[in-house]
Amino acid sequence: MTPAEARTLAAIQAELARQIRYDDESVVHQVWIRQRYDLGAAASYAPARAAAVRTAWHEAGHAVAALATGARFSSASIRHGATSQGRVHGIRGGGDRGFVIDAAGQVAERMRDWSMLTGDDELRAWLLTWRADGGDARRFRHGIAARFGGDEVAAWRCCEQALTPLRPRIRQVARALLVHPRYLPYPVVAAVAASA
């Protein structure tokens with residue numbers, strides 16, 4: 001970890017400790033709220049705040065799954081762009097468990113409010129609608145072929161089993177993304193996740 005990354009980590013940890021009693025929407029940095037509002041992606045600050053939280057959990061899911069599968073990435077961000085609301089940049093690795101990384105954003109969003117799809121029929125119906133997600137859906141379907149064939153439900157349940165124990169880490173990384181007004185480099189994300 002570079003000295004600059006160590007300072008970023010210390011600032012994030014101090015901010016998280018200061019705001020430990022607040023819910024996720026209360027800790028969103030003004031930069032993320034204003035950016036979504038100024039771009040017209042949200043009609044007011046309230047939906048901008050909610051969108052930032054949803055994005056933070058989504059990207060934290062990808063980042064923590066990457067850490068858990070041994071993959072590397074350059075950084076994680078919740079900056080709203082032209083084609084995405086956030087990104088875990090440059091993911092490399094993950095091997096035959098890379099499909100877990102691809103599903104992790106959607107799984108993490110559901111873990112945030114405990115809205116997991118418990119019935120297989122319900123999950124199967126939702127999977128049919130999961131298409132445009134920055135390439136995640138396409139990569140997930142490609143990645144499960146060797147291990148699960150076309151059984152998307154079994155592959156998804158495998159992802160849920162792998163990620164559910166990691167919920168505290170996902171929450172911690174999501175909150176770090178929310179309180180810090182810039183991207184987080186890999187070493188900072190890894191340290192934040194390990195502190196959960």
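User: In the salt bridge where the side chains of Asp 136 and Arg 139 meet, what is the N to O distance?

Analyst: Quick background: this is a predicted model, in which local features need pLDDT of at least 70, side-chain atom pairs count only at pLDDT 80 or more, and totals for chains, interfaces and linings use all residues. Residues are numbered from 1 along each chain as its sequence is written, and side-chain values use heavy atoms, leaving out hydrogens and water. A salt bridge takes a side-chain nitrogen of Lys or Arg within 4 Å of a carboxyl oxygen of Asp or Glu. For Asp 136 and Arg 139, the N to O distance is 2.5 Å.

User: Which helix do Asp 136 and Arg 139 both lie in?

Analyst: Helices (H or I, at least four residues) and strands (E, at least two) are DSSP runs, numbered from the N terminus. These two residues are three apart, about one turn of the helix. The run they share covers residues 136–143, which is helix H6.

User: Is Asp 136 buried or exposed?

Analyst: The cut-offs are under 20% relative accessible area for buried, over 50% for exposed, and partly exposed in between (1.4 Å probe, protein chains only). Its partner Arg 139 has 32%, so Arg 139 is partly exposed. Asp 136 has a relative accessible area of 6%, so Asp 136 is buried.

User: Which residue is linked with Asp 136 and Arg 139 in a network of salt bridges?

Analyst: The whole structure has eight salt bridges. Asp 136 and Arg 139 belong to a network of them, and the other residue linked in is Asp 102.

User: Which residue meets Glu 152 in a salt bridge?

Analyst: The N to O distance for this one is 2.9 Å. The pair links distant parts of the chain, 11 residues apart, with Glu 152 in helix H8 (residues 152–163) and its partner in helix H6. Glu 152 is at 22% relative accessibility, so it counts as partly exposed, while the partner is at 18% and therefore buried. That partner is Arg 141.

User: Arg 157 forms a salt bridge with which residue?

Analyst: The closest N and O atoms are 2.9 Å apart. Both residues lie in helix H8, three residues apart, about one turn of the helix, and both are buried. The partner of Arg 157 is Glu 160.

User: Which residues touch the most other members of the largest nonpolar core?

Analyst: A nonpolar core is a set of buried Ala, Val, Leu, Ile, Met, Phe, Trp, Tyr and Cys residues joined through side-chain atoms within 4.5 Å. The largest one has 59 residues, and the two that touch the most other members are Phe 140 and Trp 156. Helix H3 (residues 45–69) gives this core its largest share, 10 residues. Back to the names you wanted: Phe 140 and Trp 156.

User: Which Cys does Phe 140 touch?

Analyst: Contact means heavy atoms within 4.5 Å. Leaving aside residues up to four places away in sequence, Phe 140 touches neighbours including Phe 99, Asp 102, Trp 130, Glu 152 and Trp 156. The Cys on that list is Cys 159.

User: At roughly what angle do the axes of helix H1 and helix H10 cross?

Analyst: Axes are lines fitted to C-alpha atoms, for helices over the stretch in contact, and angles run from 0 to 180 degrees between N-to-C directions. The axes of H1 (residues 3–18) and H10 (residues 186–194) come within 9 Å. H1 uses Glu 5, Thr 8, Leu 9 and Ile 12, against Pro 187, Val 188, Ala 191 and Val 192 of H10. The crossing angle is roughly 35 degrees.

User: How many nonpolar residues are in the contact of H2 with H3?

Analyst: Helix H2 (residues 30–38) packs on H3 at about 115 degrees, with the axes 8 Å apart. By class, Ala, Val, Leu, Ile, Met, Phe, Trp, Tyr, Cys and Pro are nonpolar, Asp, Glu, Lys and Arg are charged, and the others, Gly among them, are polar. The contact has two polar and three charged residues, and the nonpolar count is seven.

User: What is phi of Trp 114 near?

Analyst: Most residues other than glycine have a negative phi. Trp 114 is in the loop between helix H4 (98–112) and helix H5 (120–129), and its relative accessible area is 59%, so Trp 114 is exposed. Its phi is positive, near 55 degrees.
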